[in-house]
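Thanks for asking me to look this one over. My notes are below as numbered points, beginning with the aromatic rings and moving outward from there.

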Amino acid sequence: VQLVESGGGLVQAGDSLRLSCAASGLTFSNYAMGWFRRSPGQARDFVASITMSGDLSSYAESVKGRFTISRDNAKNMMYLQMNSLKPEDTAVYYCVAGEGYIYSSRDLQTASKYDSWGQGTQVTVSS
């Protein structure tokens with residue numbers, strides 16, 4: 001399984017970014033997908049995730065209403081639309097994939113449920 005993130009960059013507070021994750025080496029529709037992030041000196045945090053079929057998604061409280069996760073199973077792609085960015089959103093964002101039936105909110109937010117991780121893309125939000 002290979003996950004490749006793109007779309008990160010340096011933006012100002014209030015701006016928007018769209019992260020993409022290109023997946024290969026897997027049957028994409030059999031995997032729940034998600035985003036985690038790590039800020040300097042901080043633990044890895046859950047951001048958002050989406051079920052295999054895309055019918056359910058889960059968000060961290062800190063990004064609800066600002067971020068939207070989506071996927072295109074025909075293209076093996078996942079996206080994270082990030083609006084109204086804040087300096088505290090500055091982090092390396094990681095695309096993750098977890099095989100199987102990951103459906104509850106608890107499981108969707110649990111890092112150990114995801115067995116494949118990308119290399120990450122840096123998002124920096126200046127104030």
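1. Let me start with the rings, bearing in mind that this is a predicted model. The count of aromatic pairs comes to five. One of them joins F36 and W117, with ring centres 5.2 Å apart and 50 degrees between the planes, so the pair is tilted, falling between the 30 and 60 degree limits. F36 sits in strand β4 (residues 31-38) and W117 in strand β10 (residues 116-117), so by the strand assignment this pair links distant parts of the chain, 81 residues apart.

2. How do the two partners compare in exposure, buried or partly exposed? F36 is buried, at a relative accessible area of 3%, which is under the 20% limit. W117 has 27% relative accessibility and therefore counts as partly exposed.

3. A second pair worth a look is Y101 with Y103. Their ring centres are 5.0 Å apart and their planes meet at 5 degrees, so this pair is stacked. Y101 is exposed, with a relative accessible area of 63%, while Y103 counts as partly exposed at 27%.

4. Which residues do the ring pairs link into a cluster? They are F36, F46, Y94, Y114 and W117. The tilted pair from my opening point, F36 and W117, thus belongs to this cluster, because both residues are members.

5. R44 deserves a point of its own, as it touches both members of that tilted pair. Leaving aside neighbours within four places in sequence, R44 is in contact with F36, R37, R38, A111 and W117. R44 itself lies in strand β5 (residues 44-50) and counts as partly exposed, at 39% relative accessibility. If you would like a distance to check, the C-alpha atoms of R44 and A91 are separated by 9.5 Å, and the two residues are 47 apart along the chain.

6. Two backbone spots may catch your eye on a Ramachandran plot. N76, in the loop between β7 (67-72) and β8 (77-82), has a phi near 55 degrees, a positive value in a residue other than glycine. S84 has a positive phi too, about 50 degrees, although it is not a glycine; S84 lies in the loop between β8 and β9 (91-99). N76 counts as partly exposed at 22% relative accessibility, and S84 also counts as partly exposed, at 41%.

7. Stepping back to the fold, the secondary structure comes to one helix and 11 strands. Along the sequence the pattern reads β-β-β-β-β-β-β-β-β-α-β-β. The radius of gyration is 13 Å, close to the 14 Å that the globule rule gives for 127 residues, so the protein is as compact as a globular protein of that length. The C-alpha atoms fill a box of roughly 40 × 25 × 25 Å along the principal axes.

8. Some whole-chain numbers to finish. Of the 127 residues, 45% count as buried. Among contacts with a separation of 6 or more, 61% come from residues 24 or more positions apart. The protein exposes about 6,200 Å², and carbon and sulfur atoms supply 44% of that area. As for charge, there are 11 positive and 11 negative charges, and their mean positions are 2 Å apart.

Note on methods: Residues numbered from 1 in each chain as written. Predicted model: local features only at pLDDT ≥ 70, side-chain atom pairs only at ≥ 80, totals over all residues. Heavy atoms only, no water. Helix = DSSP H or I, 4+ residues; strand = E, 2+ residues; numbered from the N terminus. Rg over C-alpha atoms; globule rule 2.2 N^0.38 Å. Buried < 20%, exposed > 50% of the residue type's maximum accessible area, 1.4 Å probe, protein only. Contact = heavy atoms within 4.5 Å. Areas by Shrake-Rupley, 256 points an atom, 1.4 Å probe, with all protein chains shown as cover. Lys, Arg positive; Asp, Glu negative; His and termini not counted. Charge placed at Lys NZ, Arg CZ, Asp CG, Glu CD. Phe/Tyr/Trp six-rings, centres within 6.5 Å; stacked < 30°, edge-to-face > 60°.
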